[in-house]
Amino acid sequence: MARTVGCLWLLLSCWCGLAAAARPAAPSAAAGVGGGNNASFVKAWCAGTEYPALCDATLSPYAAAVGDSPARLACAALNVTLAGARNATAAMRGMAAAGRLPTVAAEAAGDCVSMLGDAVGMLRQSVEAMAQVGAEAELGHPQERTVRFQVDSVRTWASAALTDGDMCMEGFRGEAAGGGGVREAVRGHVAGLLHLTANALCIVGAMANQTAPP
């Protein structure tokens, strides 16, 4: 998680051109007022997602860096989702390697690890593309056609990652693979990733529907 957060600050610092701009500011009265405005921006966008409480909880720590930029918020959401995908993959890899699962469940767990690994790759591509969108926007005069292509690519990759997570859980629906508490354990590892991905897609979609380029 720390590595992902560090990548987010680095991406934002590249957009601004100043590393200091991408780090949380020291608390102050003035910063408190601005921070409240930024937090309101995040909350307003999170209100349109499928899981607004989760959205606000996971993205409000980035409010100062996000400011009032939908592209930065989308990048933050994708970064948080990428961290969730990595955590879910590690958890499922551990479950598969423990050697305690029945044969059918072990095979499903192995398939799940592969699918979640694919999701990590697609989410990483999404983060990189969204960072490019933000960088081009803040340099001024972004090409709307190029921005639209990048955003559409992000939506495609994130949607595919969501499908991978769904398919992972689907593999444990039957009693042979999901019995004995296995299904619930898998849900505990993967459901949060699905919720994060759904929220990120909502934010990227809302940004894409804006009339002006992000």
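From the N terminus on, the elements of this chain run α-α-α-α-α-α-α-α-α, and the secondary structure comes to nine helices and zero strands. Please keep in mind throughout that what we are looking at is a predicted model.

Let me stay with the chain as a whole for a moment. It has 214 residues, and buried residues make up 43% of them. The accessible surface comes to about 10,200 Å², and 58% of that surface belongs to carbon and sulfur atoms. If we take the contacts between residues at least 6 apart in sequence, 76% of them join residues at least 24 apart.

Now to the way the helices pack. Two packed helices are described by the angle between their axes and the distance between the axes, and I will use that description for two pairs, both of which involve helix α9.

The first pair is helix α5, residues 70-97, with helix α9, residues 182-208. Their axes lie 9 Å apart, and the helices pack at an angle of about 165°. Since angles over 145 degrees count as roughly antiparallel, α5 and α9 are therefore roughly antiparallel to each other. The crossing of these two helices is left-handed, and the residues that form the contact of α5 with α9 divide into 21 nonpolar, four polar and no charged.

The second pair is α7 with α9, where the angle is about 160° and the axes are again 9 Å apart. By the reasoning used for the first pair, α7 and α9 are therefore roughly antiparallel to each other, and their crossing is left-handed. On the α7 side the contact is made by residues including Arg 148, Val 151, Arg 155, Leu 162 and Asp 166, while α9 brings in, among others, Val 186, Arg 187, Leu 194, Leu 201 and Met 207. Taken together, the residues of the contact of α7 with α9 divide into 15 nonpolar, four polar and four charged. So that you can set the two pairs side by side, the count of charged residues is four for α7 with α9 and none for α5 with α9.

From here I would like to go down to single residues, beginning with helix α3, which spans residues 52-59 and holds Leu 54. Leu 59 lies in helix α3 as well. Is Leu 59 buried or exposed? With a relative accessible area of 2%, Leu 59 is buried, because the cut-off for buried is under 20%. Setting aside residues up to four places away in sequence, Leu 59 touches Val 42, Cys 46, Leu 73, Ala 76, Ala 77, Val 80 and Ile 203. One of these partners, Leu 73, is 14 residues away along the chain, and the two C-alpha atoms are separated by 7.8 Å.

Leu 54, by contrast, has a relative accessibility of 28% and therefore counts as partly exposed. Which residues does Leu 54 touch, if we again leave out those up to four places away in sequence? The answer is His 195, Leu 196 and Asn 199. Leu 54 and Asn 199 are 145 residues apart in sequence, yet C-alpha to C-alpha they are 8.5 Å apart in space.

Next comes helix α6, residues 103-139, in which we find Ala 109. At 0% relative accessibility, Ala 109 counts as buried. Beyond residues up to four places away in sequence, Ala 109 touches Met 92, Ala 96, Leu 101 and Phe 172. The C-alpha atom of Ala 109 is separated by 9.1 Å from that of Ala 97, which is 12 residues away along the chain.

Coming back to helix α7, residues 144-170, I would point out Gln 150. Gln 150 is buried, with a relative accessible area of 11%, and its contacts, not counting residues up to four places away in sequence, are with Ala 129, Gln 132 and Val 133.

The last residue on my tour is Ala 176, which is found in helix α8, residues 175-178. At 55% relative accessibility, Ala 176 counts as exposed, because the cut-off for exposed is over 50%. Even so, Ala 176 touches Val 104 and Ala 105, not counting residues up to four places away in sequence. Ala 176 and Val 104 are 72 residues apart along the chain, and their C-alpha atoms are separated by 6.3 Å.

How values were computed. Residues are numbered from 1 along each chain as its sequence is written. This is a predicted model: local features need pLDDT of at least 70, side-chain atom pairs count only at pLDDT 80 or more; totals for chains, interfaces and linings use all residues. Side-chain values use heavy atoms; hydrogens and water are left out. Axes are lines fitted to C-alpha atoms, for helices over the stretch in contact, and angles run from 0 to 180 degrees between N-to-C directions. Helices (H or I, at least four residues) and strands (E, at least two) are DSSP runs, numbered from the N terminus. Angles under 35 degrees count as roughly parallel, over 145 as roughly antiparallel, 65 to 115 as roughly perpendicular and the rest as oblique. A crossing is left-handed if the near helix is turned anticlockwise from the far one by less than a right angle, and right-handed if clockwise. Ala, Val, Leu, Ile, Met, Phe, Trp, Tyr, Cys and Pro count as nonpolar, Asp, Glu, Lys and Arg as charged, and the others, Gly among them, as polar. Buried means under 20% relative accessible area, exposed over 50%, partly exposed in between (1.4 Å probe, protein chains only). Contact means heavy atoms within 4.5 Å. Accessible areas come from the Shrake-Rupley method with a 1.4 Å probe; for residues, only the protein chains shown count as cover.
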